[in-house]
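Please open the model in a viewer and keep the selection panel at hand. The tour proceeds from one selection to the next.

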Amino acid sequence: MMDDDDYGCKLYGGERDPSAKAFLAVRSCVPSDVDALKRIHAELFPLTYPDDFFKAATNGMLYSKCLANRAGNILAFLIGKPLYCSKLDEEDKDLVIFEEGDVAMYIMTIGVVSTARRQGLGTLLLHRLLQSNEVQSPNCKAIFLHVLSTNSTAIAFYLKQGFQTHKHLKSYYSFGEVPMDATTLVKYVNGGTASGAFHFLAKILENTCLAPLLALSGID
């Protein structure tokens, strides 16, 4: 069950304030949002997403929230999917120590239109995800995602939000015939923990080569 939508969301910090000039509505994505989501994804991401992805994102099959202004225009969105830890892809199987029935929330896409960046919208949607029924459930042990390893701004944003680096994935993406590396980022919740070896390596990375990226956060 998805958490209730929140109408009357002030731009600054997500407080309820229906009188705010910068009024936004935090709501679930619905079928009438398909065209807008397709257009924004095409503008923001180098990947082409299939129609089934947008159908699932707007009919309740995925966790999907967007921020829309009074005119109904989508300014930001977050789409995710809870995955059973026992059925994670091979490259993610060591993400978290788990018991049967535990899940991890995978952030499939998150984005803010260029005209609405640096106003805290990405942070607001991440916080809303953290407060959702799906993540508050005791059997949810982690939130994770993959980003291009060259996307230092995105990595900095997630580190600032309490995520940590988990793994470097060689040639994870392929744009045309060009292979691109990815970085797995994870935030543990409800007592979730990484295996000892990967936790140690993540701390080394976070405290050395990636630490300076914290000053670069600007996609929010």
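Select Arg27 first: its bridge partner in strand β3 is Cys66. Strands here are DSSP runs of E with at least two residues, and helices are runs of H or I with at least four, numbered from the N terminus. The model is predicted, so local features need pLDDT of at least 70 and side-chain atom pairs count only at pLDDT 80 or more, whereas totals for chains, interfaces and linings use all residues. Residues are numbered from 1 along each chain as its sequence is written, and side-chain values use heavy atoms, with hydrogens and water left out.

Extend the selection to β2 (residues 23–28) and β3 (residues 63–69), which run antiparallel and are joined by 5 bridges; strands pair if DSSP finds at least two bridges between them. From β2, Phe23, Ala25 and Arg27 point one way, and Leu24, Val26 and Ser28 the other. Because 6 of the 6 residues of β2 are buried, this strand is largely enclosed by the rest of the structure (buried: under 20% relative accessible area, 1.4 Å probe, protein chains only).

Next, select Tyr158. Along with Ile107, Tyr158 has the most contacts inside the largest nonpolar core, which has 46 residues (a core is a set of buried Ala, Val, Leu, Ile, Met, Phe, Trp, Tyr and Cys residues joined through side-chain atoms within 4.5 Å). Strand β4 (residues 74–84) gives the most to this core, with 6 residues. Apart from this core lies another, of 11 residues, including Cys85 and Leu88.

Finally, select Phe157 in helix α5 (residues 152–160). Phe157 is buried, with a relative accessible area of 2%.

Conventions:
Buried means under 20% relative accessible area, exposed over 50%, partly exposed in between (1.4 Å probe, protein chains only).
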